[in-house]
Amino acid sequence: MAPPAYTPPPWSAAPGVAYSLEVVREGVVIETIDISQKAFYVVGRDPSNADVVLPHPSVSRTHAIIQHRESGEVYLFDNGSTHGSKLNRKPVPP
């Protein structure tokens with residue numbers, strides 16, 4: 001079954017501020033990923049479809065969307081992933 005296609009909302013825009021993700025392994029930052037150049041980023045396991053690749057079996061091919069608004073607000077949308085997404089250890093509805 002293919003993951004749902006993502007259609008960005010009308011208010012979708014690149015943020016006016018810098019945002020990044022830190023990849024932490026064993027308490028050490030091993031990589032920083034800039035997520036402030038585009039209106040939204042696809043997070044997933046499949047490098048051909050994801051902007052932020054997480055190569056782990058629990059991650060779906062297109063697992064989640066990080067969506068920006070020009071005002072600087074950031075949203076996380078689960079893209080119907082098999083194992084779901086969490087933000088601050090709380091489940092994000094699909």
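Me: In which sense do E3 and strand E5 pair, and over how many bridges?

Reply: Start with the general idea. Strands of a sheet pair through backbone hydrogen bonds, either parallel or antiparallel. Now the case here, in a predicted model. E3 and E5 (residues 64–68) pair in the antiparallel sense. They do so over 4 bridges. Look at Val43 as an example: Ala64 in E5 stands opposite this residue.

Me: What is the strand order of the open sheet?

Reply: Read it as E4-E3-E5-E6. That makes an open sheet of 4 strands, and its pairing is mixed. The edges are E4 and E6, since each of these strands pairs on one side only.

Me: Now the charges. How many salt bridges does a search of the whole structure find?

Reply: The search finds 2. Take Lys38 and Asp51. Their closest N and O atoms are 2.8 Å apart. Next, ask where each partner lies. Lys38 is in the loop between strand E2 (28–34) and strand E3 (40–44), while Asp51 is in the loop between E3 and strand E4 (52–53). The pair therefore ties together parts that are 13 residues apart in sequence.

Me: Are Lys38 and Asp51 buried or exposed?

Reply: Neither word fits. Partly exposed covers the range between under 20% and over 50%. Lys38 has a relative accessible area of 35%, so this residue is partly exposed. Asp51 comes out at 37%, so the label is partly exposed again.

Me: Which side chains meet in a salt bridge at 3.8 Å?

Reply: Those of Glu73 and Arg69, with the distance taken from N to O. Check their accessibility too. Glu73 is partly exposed at 38%. Arg69 is partly exposed at 28%.

Me: Over which ring does the charged end of Arg69 sit?

Reply: Over the ring of Trp11, 4.5 Å from its centre. Lys38 also has a ring to look at. Its charged end sits over Tyr41, 5.2 Å from the ring centre.

Me: Rings can also pair with rings. How many aromatic pairs does the search find?

Reply: It finds 4 in the whole structure. To read a pair, check the centres, then the planes. For Tyr6 and Phe77, the ring centres are 6.2 Å apart and the planes meet at 35°, so this pair is tilted. Now place the two residues. Tyr6 lies in the segment before strand E1 (20–25), and Phe77 lies in strand E6 (residues 74–78). The pair therefore ties together parts that are 71 residues apart in sequence. Tyr6 is partly exposed, at 23% relative accessibility. Phe77 is partly exposed as well, at 30%.

Me: Which residues form one aromatic cluster?

Reply: Tyr6, Trp11, Phe40, Tyr75 and Phe77. Two of these names are familiar: Tyr6 and Phe77 make the tilted pair. Trp11 is familiar too, with the charged end of Arg69 over its ring.

Me: Last topic, empty space. How much space lies in the largest pocket?

Reply: General idea first. Rolling a probe the size of a water molecule over the atoms shows where empty space is left. Here, the largest pocket holds about 800 Å³ of space. Its lining has 28 residues. The closest to the pocket centre are Leu21, Val43, Val52, Leu54 and Ile66. Val43 is the residue that stands opposite Ala64.

Me: Which element gives the most to the lining of the largest pocket?

Reply: E1 does, with 5 residues. Elements giving two or more residues are E1, E2, E4, E5, E6 and strand E7 (85–87).

Note on methods
Residues numbered from 1 in each chain as written. Predicted model: local features only at pLDDT ≥ 70, side-chain atom pairs only at ≥ 80, totals over all residues. Heavy atoms only, no water. Salt bridge = Lys/Arg side-chain N within 4 Å of Asp/Glu carboxyl O. Buried < 20%, exposed > 50% of the residue type's maximum accessible area, 1.4 Å probe, protein only. Phe/Tyr/Trp six-rings, centres within 6.5 Å; stacked < 30°, edge-to-face > 60°. Lys NZ or Arg CZ within 6 Å of the ring centre and 35° of its normal. Pairing = 2+ DSSP bridges. 1 Å grid on protein atoms, 1.4 Å probe; cavity = no way out; pocket = protein on both sides within 12 Å on 5 of 7 lines; lining within 4 Å. Points joined across faces, edges and corners; volume = space filled by probe spheres on them.
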